[in-house]
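Dear colleague,

Please find below the structure that I am handing over to you, followed by an account of what was found in it.

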Amino acid sequence: MSTNYRPDTICIQAGWKPGKGEPRVLPIYQSTTFKYENSDQMGRLFDLEDAGYFYTRLQNPTNDMVAAKITELEGGVAGMLTSSGQAANYYAVFNICEAGDHFICTNAIYGGTYNLFGTTMKKQGISCTFISPEASDGELEAAFLPNTKAVFAETVSNPSLVVLDIERFAGIAHRHGVPLIVDNTFPTPINCRPFAWGADIVTHSTTKYMDGHAMSVGGAIIDSGNFDWMAHKDKFPGLTTPDESYHGIIYAEKFGKMAYIQKATAQLMRDLGSIQSPQNAFLLNVGLETLHLRMPRHCENALKVAKYLQSHEKIAWVNYAGLEDNKYHALAEKYMPNGTCGVISFGLKGGRDISIQFMDKLKLAAIVTHVADARTCVLHPASHTHRQMTDEQLREAGVQPDLIRFSVGIEHAEDIIADLKQALATV
Ligand code: PLP
């Protein structure tokens, strides 16, 4: 149940509400299954006539309490956890797109999502048109086809750090009768509330800032409840016509604003089974309890680091929307006035080889695949995640060969800067 609490209070209090004599801390329901008194009670659950738990592959109380907290943080009506951010993005699209359908996605997105949408889902018969987040209204309009079912984008893209014009994208999606789905992993709901700007569905890799400690892989999908599926009945038959695998239930009729998440749980989670483990959901909840404290510190540190790098003679360029001369500063001011996230990117004069030499000299910042963690970490996509590509291919994919992704942690900013300084002195 949603409250009027501020995000700080929601981070601590939402979700688990213990009754008399119950544990103060959210318990881990480490059980695959749940007991009932008689067969009829269990049968009613299978018919979706009663709400309740029966098997953790579909739902688990620990997970649901954590999903409820994230739902309240985003200001949505329903939410679910998934085993990873990849699963969240897959379910979010697959819940409304079937073989023969099409959707539009910005090309400034996480590489894993790009592969999922552009290669794997294509094999399932779902096609995706990638378009620049800076495409004009006309270019975006031109990407719509009669079978387009959704528009997808990242609110702050990984690793290119493009800030999405959420309101503009939502307006165009709605004019074409489809929802806007946004991956809000980098800003988190502490810095950006996409539903307030017209986005319909939000996804997260909770692996990142929400967990915050690099302990557990996870994902989440939250629905605003604002998109009217029945008003576009023909486009979304999965929600507006009977589901034969569920005794002919019509999700949008039976569940109203909860239909989208109800279908993703009852159908996709049942069949594909990418549930988050209750143990990981418990750890995620511990992370969420300090999200409102960590995000401002990440942003504060990132701005200090970005300014330091900008003033260094060996640095060719710095990308961070918090910098006043940044291309995305105005959009960030509008959608994320308290800061975007702790991730910055930059390039060294001298290019790819110098970048590698520099990174090897860092002592406090660790070379890891991860990003958006309490500890400062660093990655050179051209040598790691994108190492099979030539410089030309990298540029086509929007990743400059010299781009260093630097995820500023919540250590003391001066210590992070001192580490950069000593590494820069060696190259
Ligand atoms: N979305 C974004 C923006 C990401 O950065 C990532 C991973 O880096 C994902 C989704 C995928 O999340 P996961 O690694 O939890 O599957």
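Helix α3 (residues 61-74) lies across three strands, β1, β6 (201-205) and β7 (219-223), and runs at about 125° to β1. Please bear in mind throughout that this is a predicted model.

The strands just named belong to an open sheet of seven, ordered β1-β7-β6-β5-β4-β2-β3, with mixed pairing. Its edges are β1 (78-82) and β3 (127-131), each of which pairs on one side only. On average, neighbouring strands of the sheet are turned by 20° against each other, direction ignored. Within the sheet, β2 (residues 102-106) pairs with β4 (residues 148-154) in the parallel sense, over three bridges. Ile104 stands opposite Val151 of β4. Another helix, α7 (residues 166-175), lies across β2, β4 and β5 (180-183), and its direction is at about 150° to β5.

Turning to the interior, the largest nonpolar core comprises 98 residues, and those touching the most other members are Ile70, Phe103, Phe117, Leu180, Ile221, Trp229 and Tyr251. Helix α11 (residues 259-272) supplies the largest share of this core, namely seven residues. A second core, separate from it, has 26 residues, among them Tyr320, Phe358, Ile417 and Leu424. In soluble globular proteins, nonpolar side chains tend to be buried together. As for Phe117, its contacts beyond four places in sequence include Val93, Phe103, Cys105, Ile109, Phe130 and Phe152, as well as Asn89 and Lys122.

The ligand may be of particular interest to you. It is surrounded by 14 residues, of which the closest are Asn158, Asp183, Ser205, Thr207 and Lys208. Three of the distances are as follows:

- Asn158: an N or O atom of its side chain is 2.8 Å from an oxygen atom of the ligand.
- Asp183: an N or O atom of its side chain is 2.6 Å from a nitrogen atom of the ligand.
- Lys208: a polar side-chain atom is 2.8 Å from an oxygen atom of the ligand.

Finally, a word on His386, which is located in the loop between β11 (377-379) and α16 (391-396). Is this residue buried or exposed? His386 counts as buried because its relative accessible area is 15%, and the cut-off for a buried residue is under 20%. Leaving out residues up to four places away in sequence, His386 touches Pro381, Leu394 and Val399. Between His386 and Pro401, 15 residues apart in sequence, the C-alpha to C-alpha distance is 9.5 Å.

With kind regards

How values were computed: Residues numbered from 1 in each chain as written. Predicted model: local features only at pLDDT ≥ 70, side-chain atom pairs only at ≥ 80, totals over all residues. Heavy atoms only, no water. Core = buried A, V, L, I, M, F, W, Y, C linked by side-chain atoms within 4.5 Å. Buried < 20%, exposed > 50% of the residue type's maximum accessible area, 1.4 Å probe, protein only. Helix = DSSP H or I, 4+ residues; strand = E, 2+ residues; numbered from the N terminus. Contact = heavy atoms within 4.5 Å. Pairing = 2+ DSSP bridges. Axes fitted to C-alpha atoms, helices over the stretch in contact; angles between N-to-C directions. Near = heavy atom within 4 Å. Polar contact = N/O pair within 3.5 Å; in protein donor to acceptor, adjacent residues only side chain to side chain.
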